[in-house]
Amino acid sequence: MGGSGSTHQGAGQRAHIGSFASGGGRGITTAAVDPVTGALTVLGVVDGMGDTSCLAPSADRQVLYAAGGTDQGLVAAYRITADGLAPLGRPVAVDGLAPVHLSVVGDRLLIADYASGSVRGLRIAGDGRPQGPAAVLRHRGRGPDPERQAGPHAHHVTADPSGRWVLSVDLGTDSVRVCGPDPADGFLRVRAETPLRAGSGPRELAFHPCGDVAYVIHELEPQLTVCRWDADSGRLYPTGEVSLGSADAAADASAAADASAVAETREYPSVALVSEDGRFVRAAIRGSNLIVTLSLADGPEKPRITGVANCGGQWPRHLAAGPAGRLYVSNEWSGDVTWFDADPGSGRLHPAGRLDVPPAACVVFA
């Protein structure tokens with residue numbers, strides 16, 4: 001189990017946990033990761049930008065970037081040192097509202113702003129500092145849900161495995177935009193847009209290690225869409241769907257009691273995560289507080305549900321792959337990070353520990 005404290009315990013694997021200051025959070029919590037058990041022990045906390053909704057390390061794992069802000073969109077950078085996180089200057093305003101995802105792509109930070117319905121980019125200086133003003137790619141459109149889809153809501157932005165394209169998932173327009181560099185300024189320009197089921201509210205996208213299959217998880221419908229990805233043309237093609245809300249979908253009888261809750265509770269899927277070995281996809285389901293495991297034994301384009309486990313808290317917002325194949329879950333409402341050992345054969349999850357971090361938004365390792 002994890003503990004708390006401020007004593008430095010030497011170099012090694014670190015977990016960095018974002019939280020919502022507006023809900024009583026403390027900013028970014030840094031924790032040591034036990035190499036044997038995966039347990040988290042708090043080393044320190046940094047604050048200064050309000051809500052910290054998303055984190056991303058630099059490619060060399062020397063700098064940690066954070067996006068959030070309570071009143072306006074902010075991005076901050078921290079040098080990762082043996083003694084913790086050292087701020088690299090002051091947070092930079094991005095003039096976007098409600099940042100929900102952050103990616104490092106080349107020499108830019110890309111931020112998906114939910115409320116502003118846009119993707120914004122900041123250049124990264126040689127010392128790792130983000131530099132404004134932000135370049136802006138505005139999404140346009142709407143969906144059939146008058147409350148959740150009255151306008152665009154960019155929710156996820158990431159580079160494809162080839163590094164040639166950037167994909168932006170929009171919950172408000174039920175689509176994924178494929179972007180390439182604009183010759184005029186080097187930022188992003190939409191090259192193609194893939195429509196998904198109307199009213200489904202796509203939230204996040206994850207690539208399979210093979211590079212030509214992607215999975216889109218939807219927030220307004222409990223489903224996962226399987227897509228074929230063509231990096232040569234920059235095109236995304238939906239090929240199938242898997243319902244995450246079927247009570248009889250879980251294959252193992254031991255999960256049946258938890259799985260039945262999926263059909264009885266309003267579902268809000270939050271994130272999909274592909275295991276590093278490419279054998280499983282995991283999905284977090286808020287509402288019923290479940291983690292669904294889908295096996296890819298039949299092929300990357302044929303996921304099937306093989307297990308369901310309780311997330312160990314309430315309102316699982318984020319999943320992260322930790323050392324030794326462990327799964328770490330950020331539970332927002334219960335204010336904790338829980339972690340699970342995964343059976344290497346079946347993918348079955350076994351609860352292994354918990355650390356209080358109110359209210360947890362995300363966890364990354366660097």
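This section describes a four-stranded sheet, the largest pocket and a buried glutamate in a predicted model.

Four strands form an open sheet in the order β21-β22-β23-β24, with antiparallel pairing. Its edge strands are β21 and β24 (304-310), each of which pairs on one side only. From one strand to the next, the twist averages 25°. Strand β21 is joined to β22 (residues 280-286) by 6 bridges, and the two run antiparallel; here V274 stands opposite V281 in β22. Another 6 bridges connect β22 with β23, again in the antiparallel sense, and R282 has T293 in β23 as its bridge partner. These two strands, β22 and β23, form a hairpin with 3 residues between them. Within the turn, G287 adopts a positive phi of about 95°. The antiparallel pairing of β23 with β24 extends over 6 bridges, and V292 is placed opposite V308 in β24.

Strand β23 (residues 290-295) is mostly covered, with 6 of its 6 residues buried. In a regular strand, side chains alternate between the two faces of the sheet. Both faces of β23 are covered: L290, V292 and L294 are buried on one side, and I291, T293 and S295 are buried on the other. Two of the paired positions described above, T293 and V292, thus belong to opposite sides of β23.

The largest pocket encloses about 1,300 Å³ of space. Of the 45 residues that line this pocket, H101, H156, T158, L273 and H318 are the closest to its centre. Two or more lining residues are given by each of β4 (52-57), β9 (99-105), β13 (154-159), β17 (202-207), β21 (268-274), β25 (316-321) and β29 (360-365). The largest share, 6 residues, comes from β9. By residue class, the lining divides into 29 nonpolar, 11 polar and 5 charged residues. Strand β21 therefore has two roles in this description, as an edge strand of the open sheet and as a contributor to the pocket lining.

A further site centres on E219, found in the loop between β18 (213-218) and β19 (223-230). With a relative accessible area of 5%, E219 counts as buried because this value falls under the 20% cut-off. The side chain of E219 makes polar contacts with two arginine side chains, at 2.9 Å to R148 and at 2.6 Å to R203.

Definitions and conventions: Residues numbered from 1 in each chain as written. Predicted model: local features only at pLDDT ≥ 70, side-chain atom pairs only at ≥ 80, totals over all residues. Heavy atoms only, no water. 1 Å grid on protein atoms, 1.4 Å probe; cavity = no way out; pocket = protein on both sides within 12 Å on 5 of 7 lines; lining within 4 Å. Points joined across faces, edges and corners; volume = space filled by probe spheres on them. Nonpolar A, V, L, I, M, F, W, Y, C, P; charged D, E, K, R; others polar. Pairing = 2+ DSSP bridges. Axes fitted to C-alpha atoms, helices over the stretch in contact; angles between N-to-C directions. Buried < 20%, exposed > 50% of the residue type's maximum accessible area, 1.4 Å probe, protein only. Polar contact = N/O pair within 3.5 Å; in protein donor to acceptor, adjacent residues only side chain to side chain.
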